[in-house]
Amino acid sequence: MKAQRPAPGDLIQTEILALLGAAGPLSRAEIAQLLRVGAATVTDHTRRLIGEGFIRELKPHASSGKGRPRVPLQLVPTAAHVLGLRVAIDHLAGVVVGLDGQITDEFRLPLRVAESPVPLLTQVLREQIEARRDTTPIRGVGVAVPGMVDPATGVVRLSAIMDWHDLPLAAELGRALPVPILVDNDLRSSTTAELLFGMGRDHDDFLVLGIGDGLGMGVVLERRVQRGADGFSGEFGHLPVDRTGPRCNCGNRGCLQSLVGQTALLERARRAGVRLGPGDGLSELVDAAERGEPAVLAVLDEAGELLGRSVAGVVNVLAVKAVKVIGESLVLWPHLGPAFTAAAVAGAIEPLRDLEITVSPWRDTEHARGAACLLLARSGAITRA
């Protein structure tokens, strides 16, 4: 495990919990060394975490010298559970997560909440919290939604796919439910999970590229998830790349996602003469690519190259050396990936060409787990039930 820069003050308790969850029992001195913070800081925070019951002391280990015995600290992953909910246009995906970031339960509901979000989400969350009251009491709820979200207030400024404008979702849910509520953009939620339990174990600075109908980018710099003014960061899909290109749903022309987003790829394939069935047509597009249809392979190869060159631009600006790719369109990655990787590496400036590109299978619960990690990233928000 790579030694890390000091964590931001509001993340130190969370970093301790995540470290113990990943590495197993560690002494205070080992925690301080790995997190690169002072021993007094670790002692102060671990005292609070022991008081909350989140960690516990094990039997002292005799030291090899004349010093005091080493007292290992162990995470108690079942000491607190949080619920994460991913809101999609046609369903909800939920998970229950322990302090170690592991999913202990999950659910999926085929429910459209766009037209009546507060009553429907309140009902679902109340039922889920009550159902676990005697088994795994829920200390808090994180909600991941598509669109622009102010994470400080939980106001959804704009979600085009849900047709939400200035919706005070966190405040409304918080008034109706008995636990803390945090709301953020879905990709930033997953980026938070990567910081605590994924890429952040080895990297202080990295990107999370989300590919689907839209394109998003989570940015972590010096172990902070970048959120930007009013939470508007991460709109990678609206990078302008062709001023004469197709109209994007944001109103501009030639945005990146209007050329290589899932809907754009399907439309380009249809224009190339590929027969795709009704609905989103994604499975048919995958099948056509697997059959080796030249028109489809040409569309995906061109899209992968454009996406890779665009990512290389961000890599060069931020000087990061690691990118994680996630999202529903990963089913196309065998045909997008080669051109993407070649273009991203070639487009990076020479000191950054050892770029690490990681891809892992996508599950619908990933954004839900990220939503739960919003609470874990702010351990002070987890209160006693």
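Reader: Which residue in β5 does Val96 stand opposite?

Author: This is a predicted model. Strand β4 covers residues 92-98 and pairs with β5 in the antiparallel sense, over six bridges. In that pairing, the residue of β5 opposite Val96 is Asp105.

Reader: What is the order of the strands in the open sheet of five?

Author: The pairing in this sheet is mixed. Its edge strands are β5 (103-109) and β10 (181-185), and each pairs on one side only. Neighbouring strands are turned against each other by 20 degrees on average, direction ignored. Read across, the order is β5-β4-β3-β6-β10.

Reader: At about what angle does helix α4 run to β3?

Author: Helix α4 is made of residues 117-131. It lies across four strands: β3 (81-87), β4, β5 and β6 (138-145). Its angle to β3 is about 150 degrees.

Reader: Which helix lies across β6 and β10?

Author: Look at residues 186-197. They form a helix running at about 105 degrees to β10. The helix across β6 and β10 is α6.

Reader: Why is one side of β7 and of β9 left without a neighbour in the sheet?

Author: Three strands form an open sheet here, in the order β7-β8-β9, with antiparallel pairing. β7 (148-150) and β9 (164-167) stand at its edges, so one side of each has no neighbour in the sheet. From one strand to the next, the twist averages 15 degrees. The reason for the free sides is that β7 and β9 each have a single partner strand.

Reader: Which residue in β9 stands opposite Ser159?

Author: Strand β8 spans residues 155-159. Three bridges join β8 to β9, and the two run antiparallel. Opposite Ser159 in β9 stands Trp164.

Reader: What is the radius of gyration of the protein chain?

Author: The chain has twelve helices and 15 strands. For 385 residues the globule rule gives 21 Å, and the chain's value is close to that, so the chain is as compact as a globular protein of that length. Its radius of gyration is 22 Å.

Reader: What percentage of the residues in the protein chain are buried?

Author: Buried means under 20% relative accessible area. The chain has 385 residues to sort by that cut-off. The buried share is 52%.

Reader: How much of the accessible surface belongs to carbon and sulfur atoms?

Author: Start with the total for the protein chain. The accessible surface comes to about 17,100 Å². The part belonging to carbon and sulfur atoms is 52%.

Methods: Residues are numbered from 1 along each chain as its sequence is written. This is a predicted model: local features need pLDDT of at least 70, side-chain atom pairs count only at pLDDT 80 or more; totals for chains, interfaces and linings use all residues. Side-chain values use heavy atoms; hydrogens and water are left out. Two strands pair if DSSP finds at least two bridges between them. Axes are lines fitted to C-alpha atoms, for helices over the stretch in contact, and angles run from 0 to 180 degrees between N-to-C directions. Contact means heavy atoms within 4.5 Å. The radius of gyration is taken over C-alpha atoms; the globule rule is 2.2 Å times the number of residues to the power 0.38. Buried means under 20% relative accessible area, exposed over 50%, partly exposed in between (1.4 Å probe, protein chains only). Accessible areas come from the Shrake-Rupley method with a 1.4 Å probe; for residues, only the protein chains shown count as cover.
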